Amino acid sequence: MGAESQPRGTEETRMAHPFPQPDPGDDTGTPRWVKVQGIFVVLLLLVAIGMATGLVNRLSPFGLEGGGHGPAGDRVGDHAPSESGH
Amino acid sequence: MTMTPRLRSFALTAHVVFSVGWIGALAGFLALAVAGLTSQDAQTVRAAYIASGLVTWYVIVPLAFASLLTGIVQALGTPWGLFRNYWVLFKLVIIVTATFMLMGKTGAISFVATVAAETTLSGADLLGVRLSILAHAVGGLVVLLWAATLGMYKPRGMTRYGWRKQHEERALSQP
């Protein structure tokens with residue numbers, strides 16, 4: 001694909017070799033992109049855990065429970081599904 | 001465990017096809033979710049939610065598991081490994097989480113599809129669930145594009161496990 005022709009840039013965006021190569025002089029600790037994206041990965045996991053435990057729905061203005069209240073929601077909301085199943 | 005070049009190409013092709021297919025199917029699902037939420041035409045709303053239920057069960061869910069499975073096979077069968085490089089590890093966590101969240105949402109999607117098939121949904125009916133489905137579709141698409149970008153750029157960075165394995169292998173190859 002076109003990614004091979006991308007200009008080589010900073011450490012964070014440089015394309016790695018098709019397969020990892022030994023580079024003993026490059027052991028400078030955790031790269032910055034790992035720290036930054038690691039935060040987003042943790043946030044994603046927290047959202048997933050919140051969803052599994054129902055916390056997201058309680059806090060969200062448009063969660064299942066939030067939408068199930070009120071006249072419109074009540075019309076078909078009596079048999080609203082659980083978040084984790086059918 | 002390393003695959004032959006021919007098998008590696010086949011596994012990579014399968015993984016790319018399933019992953020890109022998942023993104024495409026989710027984009028289609030997003031269009032249906034937007035149409036179901038914004039359309040003033042009752043038939044369009046009904047068709048959109050019935051179709052979104054079918055697309056979820058017969059396209060998105062199979063593609064999600066196929067993408068996850070082929071990705072794991074691809075990682076384990078090549079020198080990249082599953083836990084050696086941060087980009088592979090991040091992709092694994094992202095895709096597992098996305099699949100988990102997708103499965104958590106299938107109940108709501110099926111429910112709205114069933115209600116849409118049986119009754120006529122007006123603008124405010126099940127608004128919370130419909131908005132939630134739309135939000136998850138947007139979030140899912142963002143997360144899948146993130147994973148695809150990681151797979152495309154393969155940014156450098158080895159985990160501690162990766163370094164240890166690499167040093168062990170180097171020590172074995174230099175007696």
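Tutor: Before we start, a residue is buried if 20 or more other C-beta atoms lie within 10 Å of its own. Keep in mind that this is a predicted model.

Student: OK, so how much of chain A counts as buried?

Tutor: Of its 86 residues, 15% do.

Student: And what's the secondary structure pattern along chain A?

Tutor: Reading along the sequence you get α-α-α-α. That's four helices and zero strands.

Student: Switching to chain B. How do the axes of H2 and H3 cross there?

Tutor: H2(B), residues 42–76, and H3(B), residues 86–118, have axes that come within 9 Å and cross at roughly 160°. Angles over 145 degrees count as roughly antiparallel, so H2(B) is roughly antiparallel to H3(B).

Student: Left-handed or right-handed crossing?

Tutor: Left-handed for H2(B) and H3(B).

Student: What kinds of residues make that contact?

Tutor: Between H2(B) and H3(B) there are 18 nonpolar, eight polar and two charged residues.

Student: Where's the largest nonpolar core, residue-wise?

Tutor: That core has 40 residues, and B:Ile60, B:Val112, B:Ala116 and B:Ile133 have the most contacts inside it. Two or more residues each come from H1 (32–53) of chain A and from H1 (5–38), H2, H3 and H4 (127–153) of chain B.

Student: Which helix gives the largest share?

Tutor: H3(B), with 16 residues.

Student: Last one: how many residues of H5(B) are buried?

Tutor: Zero of its 14, so to speak hardly covered. H5(B) spans residues 160–173 and reaches 20 Å from first C-alpha to last, close to the 20 Å expected at 1.5 Å a residue.

Technical notes: Residues are numbered from 1 along each chain as its sequence is written. Chains are lettered from A and ligands numbered from 1 in the order in which they are written. This is a predicted model: local features need pLDDT of at least 70, side-chain atom pairs count only at pLDDT 80 or more; totals for chains, interfaces and linings use all residues. Axes are lines fitted to C-alpha atoms, for helices over the stretch in contact, and angles run from 0 to 180 degrees between N-to-C directions. Angles under 35 degrees count as roughly parallel, over 145 as roughly antiparallel, 65 to 115 as roughly perpendicular and the rest as oblique. A crossing is left-handed if the near helix is turned anticlockwise from the far one by less than a right angle, and right-handed if clockwise. Ala, Val, Leu, Ile, Met, Phe, Trp, Tyr, Cys and Pro count as nonpolar, Asp, Glu, Lys and Arg as charged, and the others, Gly among them, as polar. A residue is buried if 20 or more other C-beta atoms lie within 10 Å of its own, exposed if 12 or fewer, and partly exposed in between; C-beta atoms are placed from the backbone. The expected span of a helix is 1.5 Å times one less than its number of residues. A nonpolar core is a set of buried Ala, Val, Leu, Ile, Met, Phe, Trp, Tyr and Cys residues joined through C-beta atoms within 7 Å.
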